Each structure stands twice: as C-alpha cells, then as structure tokens.
Amino acid sequence: MTSGHPGVVEIRGGIELPARREDVELHTSDGLTLVGELALPLHAEPIATLVTLHPLPTAGGFMDSHILRKAAARLPALADIAVLRFNFRGVTSPRGTSEGEFGHGVDERLDLEAAMAFVTERGLPNPWLLGWSFGTDVVLTHGRDYPVDGVILLSPPLRTTTAAELAAWAGTESTIVALIPEFDDFLRPAEAAQAFAAIPELELVNVDGGKHLWVGEDQTYRVLTEIVARLNPGVLPLPTTWSS
C-alpha cells in the first residue's frame with residue numbers, strides 16, 4: 001500500500017523492510033536441531049538483540065506468529081535491532097520443522113539454552129528476551145539462567161509458572177516489563193498486578209483495548225513501540241511510512 005507519494009509505502013500488515021536475513025539452525029544439548037531466522041540491520045551493526053519465544057504450539061503458535069514476524073520484518077530497519085526467531089521443538093512453520101516433540105514448557109528450557117548459546121557464539125549485543133503467551137512461561141521458568149539486559153513479557157498467561165518461580169525474579173538486575181492487555185483471555189490488569197507483586201522490579205504496562213493476540217495495526221504498533229522504548233528509545237516515534 002502506498003501513501004500517495006512515489007517510492008513511499010505504508011508500514012503495516014505483512015510489509016517486510018530491508019534487512020540482512022539469514023536462515024539459522026540452533027542445536028540443543030539433547031541433540032535436536034531447531035530452525036530459525038536471524039534478521040539484522042542492513043547497513044549498521046545492531047544496537048541490541050531481541051530473542052523471541054513464540055506462543056503455545058498446540059494452539060498454533062510458531063516463529064511466524066504475527067507480532068514476532070512483524071518485529072523481524074520492521075525493527076532491524078526502523079531501530080537497528082537484531083531479531084532472532086525460531087521454532088520450539090516439534091514446531092513447523094514455512095521455515096521448516098524443528099526436531100523433537102512439544103515439551104510442555106519443560107524441555108523448551110533446552111531450546112532457550114540453544115538460542116542464548118547462538119547469541120553468544122555470534123557476538124550479538126545487548127540481548128533481550130521477548131516471550132509471548134506460552135513463551136513468557138518459558139522465560140519466567142528458565143530465563144534467569146542467562147545474562148540479559150531485559151525481559152519483555154507479552155500477554156503472560158502464567159499458565160505454568162509457579163509462585164516460587166515468579167518470586168525468584170525479585171532482585172533481578174535485568175529490566176523486566178509485562179504488557180497486559182485490558183481484555184486478555186487469561187490474565188487481565190487487576191490479576192496481573194496481584195500476581196506480579198512478588199517482583200517489585202517488574203514494570204506493568206496495562207494496554208487499554210488490548211487483547212491477547214494483539215490483532216490489528218494499532219496493537220502491533222503499540223507493542224513494537226514498547227519494545228523499542230526499552231531497546232533503542234532514541235529512534236521513537238516509529239515511522240508509519242518507508243521511503244524505498
């Protein structure tokens with residue numbers, strides 16, 4: 001979709017802005033190969049790295065779940081952020097199928113381990129974990145093992161994370177932010193405030209009108225803005241058009 005000016009396009013939907021995109025493989029300590037993609041800024045070194053953990057595979061979550069796909073499509077160009085996406089074990093997307101079987105959030109700790117090993121191996125700077133729904137449970141349960149600049153929890157359902165696992169984050173030196181949709185299917189702002197009180201350092205961001213799946217360009221823009229506000233705030237506000 002154009003904006004009415006030659007060579008200018010509106011940034012929305014499935015538009016993919018320029019980046020260096022590389023199909024990658026992650027190798028788990030229990031012998032599995034996971035498929036993924038690394039998207040890097042085209043003409044600059046990344047200022048930070050977003051490691052994305054997708055929603056529940058048994059409910060259709062995968063590395064192309066739309067917020068993660070749009071983060072990879074837009075943020076390298078708009079904010080000099082590297083974006084790593086991958087399929088958890090047993091998950092299929094157009095990129096391919098990761099080996100193994102769904103691990104109910106337990107075995108996925110080895111998938112996160114493999115992703116962070118890749119970040120270290122490639123020397124990717126200033127890593128942040130972005131979990132969405134099921135991915136937030138993986139982050140909260142297993143993410144404290146890694147030196148990251150911060151954690152962003154998108155629509156956390158707290159489906160499998162225990163109270164003890166939440167409380168263990170108290171005192172973290174990493175920035176930790178939770179985006180809570182007003183109309184979430186699992187955890188709404190009032191319940192989130194009570195549940196996350198165990199982590200005094202956590203910043204709750206209640207999103208008026210938000211829903212668990214963040215459907216629509218307004219919600220996509222809000223989520224991507226909240227991400228960039230933590231990783232590279234100097235480039236805000238995010239533009240809504242791109243000159244090719």
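**Close-up 1. The lining of the largest cavity holds six nonpolar, no polar and two charged residues.** This is a predicted model, as are all the views below. Search the whole structure and you find one cavity of 30 Å³ or more. The volume of this largest cavity comes to about 40 Å³. Around the space sit I11, R74, L78, E217, Y221, L224, L238 and P239. Two helices, α1 (66–79) and α6 (217–231), each put at least two residues into that lining. The top contributor is α6, with three residues. Finding a space like this comes down to a simple trick: rolling a probe the size of a water molecule over the atoms shows where empty space is left.

**Close-up 2. Helix α3 (residues 134–142) is largely enclosed by the rest of the structure, because eight of its nine residues are buried.** Buried here means under 20% relative accessible area. To pick them out along the helix, look for F134, G135, T136, D137, V138, V139, L140 and H142. What covers these buried residues? The cover includes the strands β4 (48–53), β8 (127–132), β9 (150–154) and β10 (175–181). Helices α2 (108–122) and α4 (163–167) are also among the elements covering them.

**Close-up 3. Strand β10 pairs with β9 and with β11 (residues 203–207).** Start with β9: five bridges join this strand to β10, and the two run parallel. One pair to look for here is I152 with its bridge partner V177 in β10. Now turn to β11, which runs parallel to β10 and is joined to it by five bridges. In this pairing, L179 stands opposite V205 of β11. To get from β10 to β11, the chain passes through helix α5 (residues 189–195), making a right-handed β-α-β crossover. Is β10 mostly covered or mostly uncovered? Mostly covered: six of the seven residues in β10 are buried. When you look along any of these strands, keep in mind that in a regular strand the side chains alternate between the two faces of the sheet.

**Close-up 4. The largest pocket encloses about 210 Å³ of space.** Lining this pocket are 14 residues, and those closest to its centre are P55, L56, A59, H212 and L213. What mix of residue classes makes up the lining of the largest pocket? Sorted by class, the pocket lining has seven nonpolar, six polar and one charged residues. For the cavity of the opening view, the corresponding tally is six nonpolar, no polar and two charged.

Terms used. Residues are numbered from 1 along each chain as its sequence is written. This is a predicted model: local features need pLDDT of at least 70, side-chain atom pairs count only at pLDDT 80 or more; totals for chains, interfaces and linings use all residues. Side-chain values use heavy atoms; hydrogens and water are left out. Buried means under 20% relative accessible area, exposed over 50%, partly exposed in between (1.4 Å probe, protein chains only). Helices (H or I, at least four residues) and strands (E, at least two) are DSSP runs, numbered from the N terminus. Contact means heavy atoms within 4.5 Å. On a 1 Å grid over the protein atoms alone, a cavity is a set of points where a 1.4 Å probe fits but cannot get out, and a pocket is an open set with protein on both sides within 12 Å along at least five of seven lines; lining residues have an atom within 4 Å of a point. Grid points are joined across faces, edges and corners, and a volume is the space filled by probe spheres set on the points. Ala, Val, Leu, Ile, Met, Phe, Trp, Tyr, Cys and Pro count as nonpolar, Asp, Glu, Lys and Arg as charged, and the others, Gly among them, as polar. Two strands pair if DSSP finds at least two bridges between them. A crossover is right-handed if, with the strands pointing away from the viewer, the path from the first strand over the helix to the second runs clockwise.
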